[in-house]
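Hi everyone, thanks for coming. I'd like to walk you through one structure today, so let me put it up on the screen.

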Amino acid sequence: MGVYSATRHTQRSFYFESYPDTETRGEKMMIGYTPLRSDNVFPKALDFRDSITNPAPFRSVSAKPRSRVVRTVEVVSMLAPRKFMQRRKKIEVFKDAADEAEQRKWRRMMKEIEEVGSAVSVLRTKNQALPRDLVLGTLVRFKQLKKWSIVSEILEWLQTQPWWVFSEMDFLMLITAYGKQGDFNKAERVLVDMNKKGHSPSVISHTALMEAYGKGKEYNKAESVFRRMQSSGPEPSALTYQLILKIFVEGNKFKEAEETFETLLDEEKSPLKPDQKMFHMMIYMYRKAGSYEKARKIFALMRERGVPQSTITYNSLMSCETNYKEVSKIYDQMQRVGIRPDVVSYALLINAYGKARREEEALAVFEEMLDAGVRPTHKAYNILLDAFAISGMVDQARTVFKSMRRDRMKLCTPDICSYTTMLSAYVNASDMEGAEKFFRRLKLDGFKPNVVTYGTLIKGYAKISNLEKMMEKYEEMQVHGIKANQAIYTAIMDAYGRNKDFGSAVFWFKEMGFCGAPPDRKAQNILLSLGKTEAEKEEANLLVGNHGQYANAQAGNGSSRCADEDNDENNSDDDGDEVE
């Protein structure tokens, strides 16, 4: 893949022109596309035309001076499936017929365990001591799949089997399994059992217990385990530090995370040097805290310390930026140093372009991702879908949605988020008839509308001031047992206020608090803006809590009016000091 300039996506331009001659009447001709690389992605991927004629032929820039630029994009054949996205038949190699039989037997057992949802019920049917290799292979496989409940279930069962010698490694794996599930009570009990069996505490067992507390949101207990390890041992490992930093960040204990990281940076105080994962966690922490400048400093410090930077490093930094230009610069920088973007990198860039309402660039990046052989995820598709939905570009959003449905691997088929995003495309285009049709399709396809789905429809009807349909959807949502959120109450309140029904707007403002969704600053500002008469403004300020400020403002306004009246009566040009 070639190196791009920082604005390579924005430099791709498409110029169109209408010709008056009979052969091309009504056609919009593409006359000036210049890619920054040598492929032909865009002529195949994008087809700009009106709904009457076939695609116009490609013409050189010298064909005719352009008269105007048409921004409207009609996506016709984009997102064509690539070969790497097609399902491929796996070729398996076995040592001999006996090995093949054993492997197939083991796989049938694994499939049965997954279908039943219980490992013990399947293993018990064997009624005999199981081969150690089979048991270990099963444990390792479920550990790889991160199905920790099945791992702990198998180990608990093995503890009761006379033919199995429960070793120290089994204890450690069991503590780890409980830790991953956040079951710190069971992890504590296993640690006590280990001590009774004569197994001395290790860094693995303590780290697993610390993780269990973290997963269970017992952040203070997790910190206590870590501090005990620091003071009396066993000496924390790199994994221990990675986990404690993660636990501190999840528990919003940013100060503790900073202090721990600073200790690691001090070579005199710490035998361990901070590794790549620790730097990543600190970048994430500063992003979470909104300290983007500190995140950039940590990124620069990685280079100073000679810590290798990876795709994850650049993705972490990209996630700190909100401006699409800055995201694009980091993306370019990543490619210049020879690091290949992954699906998260592309998704972040697509999202940045989508939020900036630069749909063509968002699509260009998505096509680039496909051409690079990077398999899109659900999230990547939904981000691209959202880029078109935000601007109400229904046809383009529909094409992305259909592309998801065509996914042969069945890994990116539309979910409820995809359906709701597609619904928002109709709403943002003020096509409520199309929105209703798609809403019915959503239910026919087996999906249950959630609060976001109903909220999208309610906002759509509020936007066009159809109060009757708005309340119909609200009541339908209530019937289905779905509780409204703050955004829905705010949309309903705003709709009534804009339709000169301030009393109903006040009712819905109060309803927020009664229903456990107290008004936020946005809702308060909207209510304040809805008051037109002096009485309405006073009531709005009372509800928002600005009564004192409102009274002072009224006093000031009263003085101003008196001053103006005095000036008018005296025919004076002086504005009057009393205004101040």
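Let's begin with a question: which helix gives the most to the lining of the largest pocket? Keep in mind as you look that this is a predicted model. The answer is H9, with 6 residues in that lining.

H9 has company, though. At least two lining residues each come from helix H7 (168-181), helix H9 (203-215), helix H11 (238-250) and helix H13 (276-289).

Now the pocket itself. The volume of the largest pocket is about 710 Å³. It is lined by 24 residues, and those closest to the pocket centre are Lys180, Glu211, Leu239, Gln242 and Leu243. What about the chemistry of the lining? We have 12 nonpolar residues, 5 polar ones and 7 charged ones.

Let me stay with H11, and bring in a partner, helix H12, which covers residues 254-265. A quick reminder: two packed helices are described by the angle between their axes and the distance between the axes. How do H11 and H12 pack? Their angle is about 155°, and the axes lie 8 Å apart. The cut-off for roughly antiparallel is over 145 degrees, so H11 and H12 count as roughly antiparallel to each other. Their crossing is left-handed.

And who touches whom? On the H11 side we find Tyr241, Ile244, Leu245, Phe248 and Val249. Across from them, H12 brings Phe254, Glu256, Ala257, Thr260, Phe261 and Leu264. Sorted by class, this contact between H11 and H12 has 9 nonpolar residues, 1 polar and 1 charged.

That's my tour, and I'm happy to go back to any view you like.

Conventions
Residues are numbered from 1 along each chain as its sequence is written. This is a predicted model: local features need pLDDT of at least 70, side-chain atom pairs count only at pLDDT 80 or more; totals for chains, interfaces and linings use all residues. Side-chain values use heavy atoms; hydrogens and water are left out. On a 1 Å grid over the protein atoms alone, a cavity is a set of points where a 1.4 Å probe fits but cannot get out, and a pocket is an open set with protein on both sides within 12 Å along at least five of seven lines; lining residues have an atom within 4 Å of a point. Grid points are joined across faces, edges and corners, and a volume is the space filled by probe spheres set on the points. Helices (H or I, at least four residues) and strands (E, at least two) are DSSP runs, numbered from the N terminus. Ala, Val, Leu, Ile, Met, Phe, Trp, Tyr, Cys and Pro count as nonpolar, Asp, Glu, Lys and Arg as charged, and the others, Gly among them, as polar. Axes are lines fitted to C-alpha atoms, for helices over the stretch in contact, and angles run from 0 to 180 degrees between N-to-C directions. Angles under 35 degrees count as roughly parallel, over 145 as roughly antiparallel, 65 to 115 as roughly perpendicular and the rest as oblique. A crossing is left-handed if the near helix is turned anticlockwise from the far one by less than a right angle, and right-handed if clockwise. Contact means heavy atoms within 4.5 Å.
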